[in-house]
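Please read the sequence and look at the structure before going on to the report that follows, which takes up the chains one after the other.

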Amino acid sequence: MRRLILVLAVFAIAAASCSSSVPTDGVEPPAQVTNSEMQELLTTSTEPIVLNVWASWCTPCRSEAPLLGKAAREFSDEVRFIGLDVRDSQDGAVSFIAEFFDDAPIEHFADPGGAIPVELGGTRGVPLTFFFRSGGELSYLHIGIIDERTLALQVDELREG
Amino acid sequence: MEFTLLWAALIAAVFAYAVLRWEADRGNQGCCSGNLWEVAITSAVAGIFIGRIVMMLVDGVNPLGHPMDVLLVRSGVSTAGASLGAAAVFAWLSRREPIAMADGISAAAVAGLAGWQAGCVVRGTCLGTASGLPWAFAQDGSTVTRHPVGAYAAILLAFAALALVWFKARRSPAAGVAASLAIVAAAGVRLVTEPLQLSLSGGPTWFYWSALAAGSAGTLWFGLIRRRRTADR
């Protein structure tokens with residue numbers, strides 16, 4: 001029992017000492033976007049789009065972010081990746097982008113009110129991942145954390161379709 | 001919140017438990033004093049969390065800085081990390097009679113993997129690369145037909161599990177052979193199905209090849225060399 005308490009105490013101290021602050025130099029905050037601007041972006045795009053809705057306060061978003069970064073780096077020549085930060089602070093958004101998407105080819109936008117995902121057919125909860133064919137037709141909507149197999153399948157659907 | 005991953009895990013557990021019970025009922029499981037089911041389930045759960053931590057480290061996320069992320073296994077589990085972690089925990093829990101317990105659990109472990117793969121039906125992840133074969137099918141709203149690669153893996157692993165049950169019951173293999181063959185089956189099925197899987201990183205084929213080599217070497221060692229040495233004594 002003593003050994004267990006010691007291990008937990010060491011883990012807690014280590015966790016507390018590991019701050020998650022990352023350098024944010026040169027990272028731009030996401031540009032604010034309206035619903036009509038987002039709709040226009042989707043319908044006029046000649047490439048299919050993966051639209052991931054995230055927020056820096058959302059633990060599941062943090063958890064799936066590395067996968068989205070990996071997908072963007074792998075398929076950005078065929079598919080456009082867009083991040084939509086909802087109901088978030090600017091500082092939080094910048095830290096999140098710096099931590100997970102710094103070198104990933106993802107365009108980020110901000111929707112402080114969080115209304116756009118609902119207008120697109122989603123929910124108010126995050127994370128959400130929309131898959132749009134070129135021209136803005138919705139191919140698939142994933143609610144919640146996305147896993148690698150689902151992400152790879154839906155991206156392949158966009159590429160094949 | 002989605003529970004499809006838990007359903008897939010439950011299917012895997014049911015498959016493994018069914019095979020353990022079946023073997024016990026046929027008198028083919030009286031190998032070890034330890035409780036095989038407890039050891040199996042503890043090793044599997046520990047393996048999943050170790051695999052998740054490894055995946056976080058690979059992705060550059062500090063598990064100590066974000067300890068709650070460890071629970072979000074849907075975001076990715078390292079296959080190599082999970083397998084090696086589960087094997088290490090299993091080795092520790094079965095340290096008094098490791099080979100007998102590994103043999104005892106071999107068919108159930110392969111059946112559990114078959115159940116996990118069959119769980120792709122509830123997870124919606126059965127489909128792989130595009131295919132024009134007659135049994136290929138498309139997801140809702142799509143015209144692109146694909147290999148049901150999850151079903152291929154589940155069927156192959158189920159056959160392997162049944163073959164192992166039969167082999168253990170009828171052939172009385174030398175100690176260690178059944179466990180080695182289980183590793184060969186699991187790695188072989190992954191190697192065969194991996195080219196049809198869709199993934200972002202291509203899958204750890206190096207690990208499957210290593211496991212196949214280790215399993216084959218184990219089969220040879222336990223089946224031929226060690227048996228001959230024991231007979232010589």
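What percentage of the 161 residues in chain A do buried residues make up? In this predicted model, buried residues account for 44% of the 161 residues in chain A. The secondary structure of chain A consists of 6 helices and 6 strands, and these elements, when followed along the sequence, come in the order α-β-α-β-α-β-α-β-α-β-β-α. As for how chain A is held together by contacts, one may take those between residues at least 6 apart in sequence, and of these 75% join residues that are at least 24 apart.

Chain B is built from 8 helices and has 0 strands, which gives the pattern α-α-α-α-α-α-α-α when the chain is read along its sequence. The radius of gyration of chain B is 19 Å, which is close to the 17 Å that the globule rule gives for 233 residues, and therefore chain B is as compact as a globular protein of that length. The C-alpha trace of chain B spans about 65 × 50 × 35 Å along its principal axes. Of the 233 residues in chain B, 44% are buried, and among its contacts with a separation of 6 or more, 74% are between residues 24 or more positions apart.

The table sets out the secondary structure of each chain.

| Chain | Helices | Strands |
|---|---|---|
| chain A | 6 helices | 6 strands |
| chain B | 8 helices | 0 strands |

Definitions and conventions
Residues are numbered from 1 along each chain as its sequence is written. Chains are lettered from A and ligands numbered from 1 in the order in which they are written. This is a predicted model: local features need pLDDT of at least 70, side-chain atom pairs count only at pLDDT 80 or more; totals for chains, interfaces and linings use all residues. Helices (H or I, at least four residues) and strands (E, at least two) are DSSP runs, numbered from the N terminus. A residue is buried if 20 or more other C-beta atoms lie within 10 Å of its own, exposed if 12 or fewer, and partly exposed in between; C-beta atoms are placed from the backbone. Two residues are in contact if their C-beta atoms, placed from the backbone, lie within 7 Å. The radius of gyration is taken over C-alpha atoms; the globule rule is 2.2 Å times the number of residues to the power 0.38.
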